[in-house]
Amino acid sequence: MAKMPDKWDLETEILVLGSGGAGLTSAIIAHDEGAKVVLLEKTDKIGGATAVSGGFPWIPNNHLEPQAGISDSREDALTYMKFIADGQVDDELVEAFIDNAPIVMQYIEEKVGLKTVISEMPDYHDGKPGGKAKGRSLGPDSFDSNELGEWKDRLRQAPVVMFPTSWEEYEKSNAKADPRNLDYVQLGKNMMAGIVGMGMSTAAYLLKGCLDRGIEPVMEARARELIQDEDGRIIGVRAEKEGKNFYVRASQGVILATGGFEWDEELRKKFVPSPDFLPLGPPSNEGDGLKMAMAIGAELGNMHQIWGVPSCQVPGEEYDGKPLGRMTMGERTMPHSIMVNRQGKRFVDESFNYSDVAKVFCDINPVTYEHINVPAWMVFDQQFKDKYMFFVTPPGEPVQDWVTQADTPEELATKAGFDPEGFKATLERFNEFARKGEDPDFGRGSTAYDRYQGDPNHSPNDALGTVEKAPFYTVPIMRGALGSKGGPATNVNGQVKHVMGGVIEGLYAAGNAMASTSGPGYGGAGNTIAAGMTWGYIAAKHAAKQPKR
Amino acid sequence: MPDVTHIETVKAPLEATWDFCKDMNNWVQYLKGYEKHEEKSETDSTWWIKGDVGIMAKTVSFDVHIEEWIDNDKVTFSMKGVSENMTGKGSLKVDADGDNTKLTFYLEIKAGGLIGPMVNAVLGPVLKPIATDFAEKLIARIEEIQASQ
């Protein structure tokens, strides 16, 4: 436990650690509830994992659904979320999320100006009770980052999901199925003009909300230890700034919004063992909040779960000095592409939601303890190459040299290292399914989600296309993580629980720094951001009502 | 198309400046992100440059061809991405400026293909600091050699 300092460098009422969606929302709400707020950000950039994401809040039973004629309800939302949580999350936490998410979304829209539209995106288990084929994933508008003034250059740059346009424009263009539909000249002009979209937009709106309230984040200040008073209540932190201790006192509460721990190798190996693992969040997500909470006896929860996604590593690409992971979407979900294991066999509905698909990389053979689906490969053919985007390579342009290619399936398998005979048999079987538009093996293309992620111009099934036209291409694919989702367990107020019972007074957690209230599941596009904003809201509301100490 | 021209005075006579600039092996390592290069002939080489465009960093290889080489005047070269859809060109030109030399460095890099306009928007802002950094290092080296003689 950190010693009480002789002198505090800053004194406030509510201290927020981290500047992703959870931290920025916490700061805004705490301010609006009347508290003095200080926000510390470890890096030199604002936005955390939110800025590098699609920027969607996933809000069941939201205020935009009735206007769009979409039927949703608290009951549907609860039924669905309880399915997603798979019995691993207390019902009262699920209810707190479902009850507060629509409130915070409407509040942020009205008081901060974050504009969203209902996306066509189905829930990730749209066919399950309470699931919806549309309505809950809210796509952000674009944002003119010049409105941030001198903070413009502090906004974290997204390396992958960075289209400088509104989600509505992007979705209308159907660029995921035909990238030629986008006006890249205009997008280039937007970039030059400072327009940001997707996660950068959501983060920028929230940052603007903070700046408008006079909350200027303290940059490059990394919180290291929580400071408790004689009663065990958290009253501040010891941070490090410019190589020196930097003490901040918080009389009403400290909110941990420091993101996940996916980049801390030791924590990751301990809690999320995996033969292959590619973190996709900002490399600063090193579990700082988790470690500080563990040090004072926090109860932990959901530690072995991640927001997973099958991902690739393009050799040589880096982000913030670390290998850049690229999540697969169209590469995996469009027709004419499949995934195979070392036996050359398919092992999953490739088009299904990325987080659940990523779980099959952990399957083992119980006799040999061999990971059945590691290594794995994504395979596509020239039909795919002629029509769809492969990461940054548009249709019609040659693939980069890290992609293995061959004129026959057997040659491709041999070059890459999977079984040629098994692969040949897999293709024969899959191509037969694709021609019929049905996948009896894994049900690819049978859900609204699968078809949404496919090509609406492809028939007989948006998600299924033969892999038969040479040349054939393949790249290794592995289990990636948009973020970890385990951390300090909280109650319905966002207060961190003590492992011996009760709560740790004055300590809150939100977003990927907390034990996720989605448990092992992923409700829909933006579940991560919605959880961050909602639990940031809940924590800040509660903390602001606490007596000052 | 993203390009940049950087002009600076070298405190060395034209002949000494040219003597250094005429051989690409003398200066290619001063390009920001330089990792290595391989000479394939008198006029052709491959450069590996780790480019940091703010949103990400990546090592990109270019096939470089010396287009023109005029004694005591300039060397111009063209660049073509080996696995990236990028082209470029550049030049180093020297002009006498009294006892000193005016050095003009020009660099142009353009991403092609469908998404080229977006990539070019990212490339544009990073070219100027690259050119400035390169010229400063190059000049410092030339002046260091001059001072030692």
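Gly34(A) follows helix H1 of chain A and has a positive phi, near 100°. Helices (H or I, at least four residues) and strands (E, at least two) are DSSP runs, numbered from the N terminus. The model is a predicted one, in which local features need pLDDT of at least 70 and side-chain atom pairs count only at pLDDT 80 or more, while totals for chains, interfaces and linings use all residues. Residues are numbered from 1 along each chain as its sequence is written, and chains are lettered from A and ligands numbered from 1 in the order in which they are written.

Helix H1(A) comprises 12 residues (21–32), and its end C-alpha atoms lie 16 Å apart. This agrees with the 16 Å expected at 1.5 Å a residue, the expected span being 1.5 Å times one less than the number of residues. Of these 12 residues, 11 are buried (20 or more other C-beta atoms within 10 Å of the residue's own, against 12 or fewer for exposed and values in between for partly exposed, with C-beta atoms placed from the backbone). The buried residues include Gly21(A), Leu24(A), Ile28(A), Ile29(A) and His31(A).

In chain B, Glu68(B) belongs to strand E4 (residues 57–70). Glu68(B) is exposed because 11 other C-beta atoms lie within 10 Å. Its C-alpha atom is separated by 20 Å from that of Leu138(B), 70 residues apart along the chain.

Chain B has a mean pLDDT (the predictor's confidence in each residue, from 0 to 100) of 93, with 100% of its residues at 70 or more. Among the elements of chain B, the mean pLDDT is lowest for helix H3 (residues 116–148), at 91, and highest for strand E5 (residues 74–81), at 96. For the complex, the predictor gives an ipTM of 0.87 and a pTM of 0.95.
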